[in-house]
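Thanks for coming. I have one structure today and a few slides' worth of remarks on it.

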Amino acid sequence: MKPFETSRVLDAPRVKVWKAWTETDRLKQWWGPAGFKVHTCKVDLRPGGSFLYGMTAPDGTEMWGRFVYREIKAPQRLVFIVSFSDAKGGVTRHPWSPNWPLEIHSTVMFEEHAGGKTKVTVLWTPADGSSELECKTFEEGRDSMKQGWGGTMDQLTAYLSK
């Protein structure tokens, strides 16, 4: 299956962008789709460690998610498994799409560009063990992933411009 891919060139040096993705105090300020507010953010940045976050949606709904880090190559690449979760970090189904893959394999690359800019590229694929239905749902969800990541990247861009 072809991965979902999105990228953005940010007007910030790679080290600053890396810190925005890996430090609790920074992640809390920008992570998530537009309109969502992070209320809980815990980062244990090591292979096997996790990023657990809780967010409040614009309609007041609570949502939790987590990354489990597989590879950390500062400041070039993060590889992790993404899932929806509960407040304790247990894996749960997507709150609005029950056939969404339980886990997503995610790779985020940080490339230096001229003029102190950084290109961030995100690659997503259903994790190993995903069912045929989950893969089909992922394939059908490309437009919503593009929209969600667009809003997230907009928030990162705004945070980095401060």
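I will go through one helix, the core, a run of strands and some charged pairs. Keep in mind that this is a predicted model.

Let me start with helix α3, which covers residues 132-140. Which of its residues are buried? They are Glu134, Thr137 and Phe138. Viewed down the axis of α3, these buried residues fall within an arc of 100°, so they line one face of the helix. The general background is that an α-helix has 3.6 residues a turn, so residues three or four places apart point the same way. On the face of α3 turned away from the buried side sit Glu132 and Glu140, both exposed. As for what the buried side packs against, there are three strands, β1 (4-10), β7 (104-113) and β8 (117-126), and one helix, α4 (142-160).

Helix α4 comes up again in the core. The largest nonpolar core holds 38 residues. Inside this core, the residues with the most contacts are Trp21, Trp31, Val120, Trp124 and Leu156. Which element gives the most to this core? That is α4, with 6 residues. Take Leu156 from that list of well-connected residues. Leaving aside residues up to four places away in sequence, Leu156 touches Leu10, Ala20, Trp21 and Trp30. In general terms, nonpolar side chains tend to be buried together in soluble globular proteins.

Next, the strands. Strand β3, residues 50-56, pairs with strand β4, residues 62-73, in the antiparallel sense, over 7 bridges. If you want a register to check, Ser50 has Val68 in β4 as its bridge partner. The two strands form a hairpin with 5 residues between them. In that turn, Gly60 has a positive phi of about 95°. Strand β4 also pairs with β5, residues 77-85, again antiparallel, over 9 bridges. Here the bridge partner of Phe67 is Val82 in β5. β4 and β5 form a hairpin too, with 3 residues between them.

Last, the charged pairs. How many salt bridges are there? The count comes to 9, and I will show three of them.

One is Asp154 with Arg8, where the closest N and O atoms are 2.9 Å apart. This pair links distant parts of the chain, since Asp154 is in helix α4 and Arg8 is in strand β1, 146 residues apart. Asp154 is partly exposed, at a relative accessible area of 44%. Arg8 also counts as partly exposed, at 25% relative accessibility.

Another is Arg14 with Glu112, with the closest N and O atoms 3.6 Å apart. This one also joins distant parts of the chain: Arg14 lies in helix α1, residues 14-22, and Glu112 in strand β7, 98 residues apart. Is Arg14 buried or exposed? Its relative accessible area is 15%, so Arg14 is buried. Glu112, at 59% relative accessibility, counts as exposed.

The remaining example is Glu23 with Arg26, whose closest N and O atoms are 2.6 Å apart. Glu23 is partly exposed at 31% relative accessibility, and Arg26 is partly exposed with a relative accessible area of 25%. The general point is that side chains of opposite charge can pair when their charged atoms come close.

That is what I have. I will take questions now.

Definitions and conventions. Residues are numbered from 1 along each chain as its sequence is written. This is a predicted model: local features need pLDDT of at least 70, side-chain atom pairs count only at pLDDT 80 or more; totals for chains, interfaces and linings use all residues. Side-chain values use heavy atoms; hydrogens and water are left out. Buried means under 20% relative accessible area, exposed over 50%, partly exposed in between (1.4 Å probe, protein chains only). Helices (H or I, at least four residues) and strands (E, at least two) are DSSP runs, numbered from the N terminus. The arc is that of the directions from the helix axis to the C-beta atoms. Contact means heavy atoms within 4.5 Å. A nonpolar core is a set of buried Ala, Val, Leu, Ile, Met, Phe, Trp, Tyr and Cys residues joined through side-chain atoms within 4.5 Å. Two strands pair if DSSP finds at least two bridges between them. A salt bridge is a side-chain nitrogen of Lys or Arg within 4 Å of a carboxyl oxygen of Asp or Glu.
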